[in-house]
Amino acid sequence: MKKLIGFELRKLFSRRLTQAAFALVLLISAILSFSTYQNKYAFDGVGREGTGKEAVAIDKVVAEKYAGVLTDEKVQRMLANLVPKTGKDEINALYIHHNATQSAVSALFADRYGGWNGRTVADVFGEGEVTIGYVDGWLGTSQNLVKVLVFFSLFLMVMTAPVFCGEYGGVDQILLSARYGRTKCAGAKAVACILAAMFTTAAVLALNFAMALAFYGGEGLDCSILFAQLTYIEGGIPFNITCGTMLAYQALLAFTGALGVVGITLVLSAACKNPMVALAASAVLYGLPVLLPVSEASPLFRLVGLFPTYHAQFVSLMSVEQLGGGVLYALWAVPVAAVLLAAGSVLSCGIFAKHQVS
């Protein structure tokens, strides 16, 4: 069985289209990470400003001055020292960006003129302690990873779609006539797809996190995601979790989403006549949950949000509910992915085994 799995893995990764698609995913990851880093801008309000590496350094220095537990007194200091003041007919202070800390405090505690909007820390965040610091780089990484994982899901479909139906051009006559063609051979194909999905998911995550660590360092991973500027939808997760916890959930959902996609595509690969049809059908099913008329406020979203599409677009799923002990509802993605993968593997092997050859 090991030899069969190894053979199927070599077949998966020897396809030129698979190689090109995976290389494209890695290239997109690198381009997004580097461009986000290079396009960073920061001004400390005194005289130092810069982009790229210099902007990150400025943001870290400003964030360090106010790092720690957020208090009302600290908010007042940030409003006085960082937030620019505007007049009646001038630009809304909310849209002025000098640095990440200033943008975050403006979004949450400033009025349109740059003054205090009257809200306290408890009004905005509740009674729990909110730890602030430099999270801008890691939130940007998380935002980029959402885009990367959507492309990565398409890569998984490209890789998996030909696994069964790619044999229907004549090779199926040899395979299904062999002693283990309908059993071990079919099982090896499914296992190889699972292993390939796990390996490639780990590679994509490793590249994105390694580049983020090189660009931004490890600062901010222990700080809350709630104190963030408006451009980050990650700050819309309504729970006081750290940036590191959010990234851990995102990485977990990257794996569950990948396995769910593989499970669905395996069934379609066995059921369809050729890889292009299987690929198109997989892409339609992947995007279908987003098109359903179900809002995030609807109780039905608790089910719709568990489809692999929302594992990649993780913010909506992580915003559903916080369970006991601080665990998020998003963890239900794990058993759902396991069911999709198991059902997909069994069904695809069964369909392939029953395939009639001439």
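The following exercises, each with a worked solution, introduce the fold, cores, surface and side-chain pairs of one protein model.

The model is predicted, so local features need pLDDT of at least 70 and side-chain atom pairs count only at pLDDT 80 or more, whereas totals for chains, interfaces and linings use all residues. Residues are numbered from 1 along each chain as its sequence is written, and side-chain values use heavy atoms, with hydrogens and water left out.

**Exercise 1. Overall description**

Task: State how many helices and strands the protein has, and describe its extent and surface.

Solution:
1. The protein has 16 helices and four strands. Helices (H or I, at least four residues) and strands (E, at least two) are DSSP runs, numbered from the N terminus.
2. Along the principal axes, the C-alpha trace spans about 80 × 40 × 35 Å.
3. The accessible surface comes to about 16300 Å², and 66% of that belongs to carbon and sulfur atoms. Such areas come from the Shrake-Rupley method with a 1.4 Å probe; for residues, only the protein chains shown count as cover.
4. Of the 358 residues, 48% count as buried. Buried means under 20% relative accessible area, exposed over 50%, and partly exposed in between (1.4 Å probe, protein chains only).
5. Among contacts with a separation of 6 or more, 70% join residues 24 or more positions apart. A contact means heavy atoms within 4.5 Å.

**Exercise 2. The nonpolar cores**

Task: Identify which members of the largest nonpolar core touch the most other members, and which helix gives the most residues to this core.

Solution:
1. A nonpolar core is a set of buried Ala, Val, Leu, Ile, Met, Phe, Trp, Tyr and Cys residues joined through side-chain atoms within 4.5 Å.
2. The largest core has 55 residues, and L70, F109, F125, F227, M246 and M318 touch the most other members.
3. Several helices each supply at least two residues of this core, including α3 (53-66), α7 (136-160) and α11 (243-271). Helix α3 gives the most, with six residues.
4. F109 illustrates the packing: beyond its neighbours within four places in sequence, F109 has contacts that include L70, W116, F125 and F227.
5. Another core, of 38 residues, lies apart from that one, and L12, L32, A190 and V262 are among its members.

**Exercise 3. Two buried polar residues**

Task: Locate N208 and S348, and list what each one touches beyond four places in sequence.

Solution:
1. N208 lies in helix α10. With 1% relative accessibility, N208 counts as buried.
2. The residues that N208 touches are S29, S33, T141, L145 and V148.
3. S348 belongs to helix α16 and is buried, because its relative accessible area is 0%.
4. The contacts of S348 are F164, L266, V267 and A270.

**Exercise 4. Salt bridges**

Task: Describe three of the salt bridges and the places of their partners.

Solution:
1. A salt bridge is a side-chain nitrogen of Lys or Arg within 4 Å of a carboxyl oxygen of Asp or Glu. The structure holds five.
2. R48 and E54 are paired at 2.6 Å, N to O. R48 is partly exposed at 34% relative accessible area, and E54 is partly exposed at 32%.
3. E219 and K60 are paired at 3.2 Å, N to O. This pair links distant parts of the chain, since E219 is in the loop between α10 and α11 and K60 is in helix α3, 159 residues apart.
4. R77 and E73 are paired with their closest N and O atoms 2.8 Å apart. Both lie in helix α4, four residues apart, about one turn of the helix.

**Exercise 5. Cysteines and a surface patch**

Task: Determine how many disulfides a search of the whole structure finds, and which residues form a nonpolar patch on the surface.

Solution:
1. A disulfide is a pair of cysteine sulfur atoms within 2.5 Å. The search finds zero.
2. For C243, the nearest cysteine sulfur is that of C223, 8.1 Å away. C243 is buried, at 0% relative accessibility.
3. Patches are made of residues with over 30% relative accessible area and no salt bridge; like charges are joined within 9 Å, and nonpolar side chains (Val, Leu, Ile, Met, Phe, Trp, Tyr) within 5 Å.
4. L285, L288, V290, L291 and L292 form a nonpolar patch, with about 440 Å² of accessible area together.
5. L292 lies in the loop between α12 (275-291) and α13 (301-304) and is partly exposed, at 36% relative accessible area.
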